[in-house]
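Here is a friendly walk through one model, for a reader who likes to check each stop in a viewer. Please keep the sequence and the coordinates open as you read.

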Amino acid sequence: MKNNSFFVCPLASGSRGNCLFVSCNDFSILIDAGLSGIEIQRRLNAVHFEPESLKAIIITHEHSDHVKGAGILSRRYNIPVYITQKTWNACSNLGEIKNLQFFECGRSFKINQIKINPFSISHDAIDPVGLTLEFETHKLGIATDLGIATSLVKDHLQNSTVLYLESNHDPEMLINGSYPWHLKQRIKGRTGHLSNIDARDLLKELKADNLKHVILAHLSEENNCPEKAAAEVFKGLNGSNITLHVAKPDQPGKLIKL
Ligand SMILES: [Zn+2]
Ligand SMILES: [Zn+2]
């Protein structure tokens, strides 16, 4: 039943942990593994996939909400971890990983039938990346944890069929919220996180002819709410056949089948 299909499902999203599941012809990969290994297993099971189907974990950057479970999952199921050398050097708590595969921004590579294009993003990590994953006519664009959407980011995300895009905060909620000033500045800054308005404006600039799904990701639980994010970003959608989803922190989102 799962053959010849491309599945995308956010297992977790937000500052408490990030993990995006992608499966193509029963070949499954995780983008980030920022929950405990056992919790990732539980969420995979909840969407009817087994951890044994995982063939790769790709890490976007070293922040713990993106890497927490990568070491344990890799050891338990013998899964290769794809990561940049600099990010690997900056990861202190992952333990030994036998199967490390290094990649570089700007150099595409293939994992099975999936072509991966990593590109640099602006975030306060050592070597943070956004990604596109291409398989047959499908293109998944992934950009979370970035302070600004540069032209490089826009170029890569063009013509995606699915976009997994950061919509971190509502600027007013952030300013009026309880975070200390320095943290507010960090989040708003060029190496922080995209706001709902940033996500809306980015979407406006992208060609949406093939776009079918937009998944809003990395929402702040303190400075945003799903309704506000969706309402703002909806204004930036040019196509009528696009479904807007909001990824959740505490449970898997909808399993999107293409
Ligand atoms: Zn993050
Ligand atoms: Zn981060």
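Let us begin in a loop: Asn112 is partly exposed, having 14 other C-beta atoms within 10 Å. Please keep in mind that this is a predicted model. Asn112 belongs to the loop between β7 and β8 (114-120). Its phi is near 55°, a positive value in a residue other than glycine.

**Positive phi values**

Asn112 has company in this respect. The table gathers residues with a positive phi and says where to find each of them.

| Residue | Phi | Place |
|---|---|---|
| His48 | near 65° | loop between α1 (37-46) and β4 (54-58) |
| Asn78 | near 55° | follows α3 |
| Asn112 | near 55° | loop between β7 and β8 (114-120) |
| Glu136 | about 50° | turn of the hairpin of β9 and β10 |

Is His48 buried or exposed? His48 counts as exposed, because the cut-off for that class is 12 or fewer, and His48 has 8 other C-beta atoms within 10 Å. Val47 is also found in the loop between α1 and β4. Val47 counts as partly exposed, with 15 C-beta neighbours inside 10 Å. Beyond its neighbours within four places in sequence, Val47 is in contact with Cys9, Pro252 and Leu255. If you would like a distance to check, the C-alpha atoms of Val47 and Leu163 are separated by 20 Å, and the two residues are 116 apart along the chain.

**The open sheet**

Now to the strands. Which order do the 7 strands of the open sheet follow? They run β7-β8-β9-β10-β11-β12-β13, and the pairing is mixed. At the edges are β7 (109-111) and β13 (243-246), each of which pairs on one side only. On average, neighbouring strands of this sheet are turned by 20° against each other, direction ignored.

The antiparallel part is a good place to start. β8 and β9 run antiparallel and are joined by 6 bridges, and here Phe119 stands opposite Gly130 in β9. On to the next pair: β9 and β10 are antiparallel too, over 5 bridges, with Glu134 opposite Lys139 in β10. These two strands form a hairpin with 2 residues between them, and Glu136 lies in the turn. Strand β9 (residues 129-135) has 5 of its 7 residues buried, so the rest of the structure largely encloses it.

From β10 onward the sense changes in the pairs described here. Strand β10 (residues 138-143) and β11 pair in the parallel sense over 4 bridges. The chain passes from β10 through helix α5 (residues 151-157) to β11, in a right-handed β-α-β crossover. Along this pairing, Leu140 stands opposite Val162 in β11, and Gly141 stands opposite Leu163.

How many residues of β11 (residues 162-166) are buried? The count is 5 of 5, and the strand is mostly covered. Val162, Tyr164 and Glu166 point one way from β11, while Leu163 and Leu165 point the other way. β11 also pairs with strand β12 (residues 213-217), in the parallel sense and over 5 bridges. There, Leu165 has Leu216 in β12 as its bridge partner. Helix α9 (residues 226-234) lies across β12 and β13, and runs at about 150° to β13.

**Core and helix α3**

Leu216 leads us on to the packing. In soluble globular proteins, nonpolar side chains tend to be buried together. The largest nonpolar core here has 65 residues, of which Ile57 and Leu216 touch the most other members. Leaving aside neighbours within four places in sequence, the contacts of Ile57 are Ile29, Leu30, Ala33, Ala70, Leu73, Ser74, Ile79, Val81 and Tyr82.

Some of those contacts belong to a helix worth a closer look. In helix α3 (residues 70-77), the buried residues are Ala70, Leu73 and Ser74. Why are they on the same side of α3? They cover an arc of only 100° around the axis, which puts them there together. An α-helix has 3.6 residues a turn, so residues three or four places apart point the same way. The cover over the buried residues of α3 includes α1, β4, α2 (64-67) and β5 (81-83). Asn78, with its positive phi, then follows α3.

Note on methods
Residues are numbered from 1 along each chain as its sequence is written. Chains are lettered from A and ligands numbered from 1 in the order in which they are written. This is a predicted model: local features need pLDDT of at least 70, side-chain atom pairs count only at pLDDT 80 or more; totals for chains, interfaces and linings use all residues. A residue is buried if 20 or more other C-beta atoms lie within 10 Å of its own, exposed if 12 or fewer, and partly exposed in between; C-beta atoms are placed from the backbone. Two strands pair if DSSP finds at least two bridges between them. A crossover is right-handed if, with the strands pointing away from the viewer, the path from the first strand over the helix to the second runs clockwise. A nonpolar core is a set of buried Ala, Val, Leu, Ile, Met, Phe, Trp, Tyr and Cys residues joined through C-beta atoms within 7 Å. Two residues are in contact if their C-beta atoms, placed from the backbone, lie within 7 Å. Axes are lines fitted to C-alpha atoms, for helices over the stretch in contact, and angles run from 0 to 180 degrees between N-to-C directions. The arc is that of the directions from the helix axis to the C-beta atoms.
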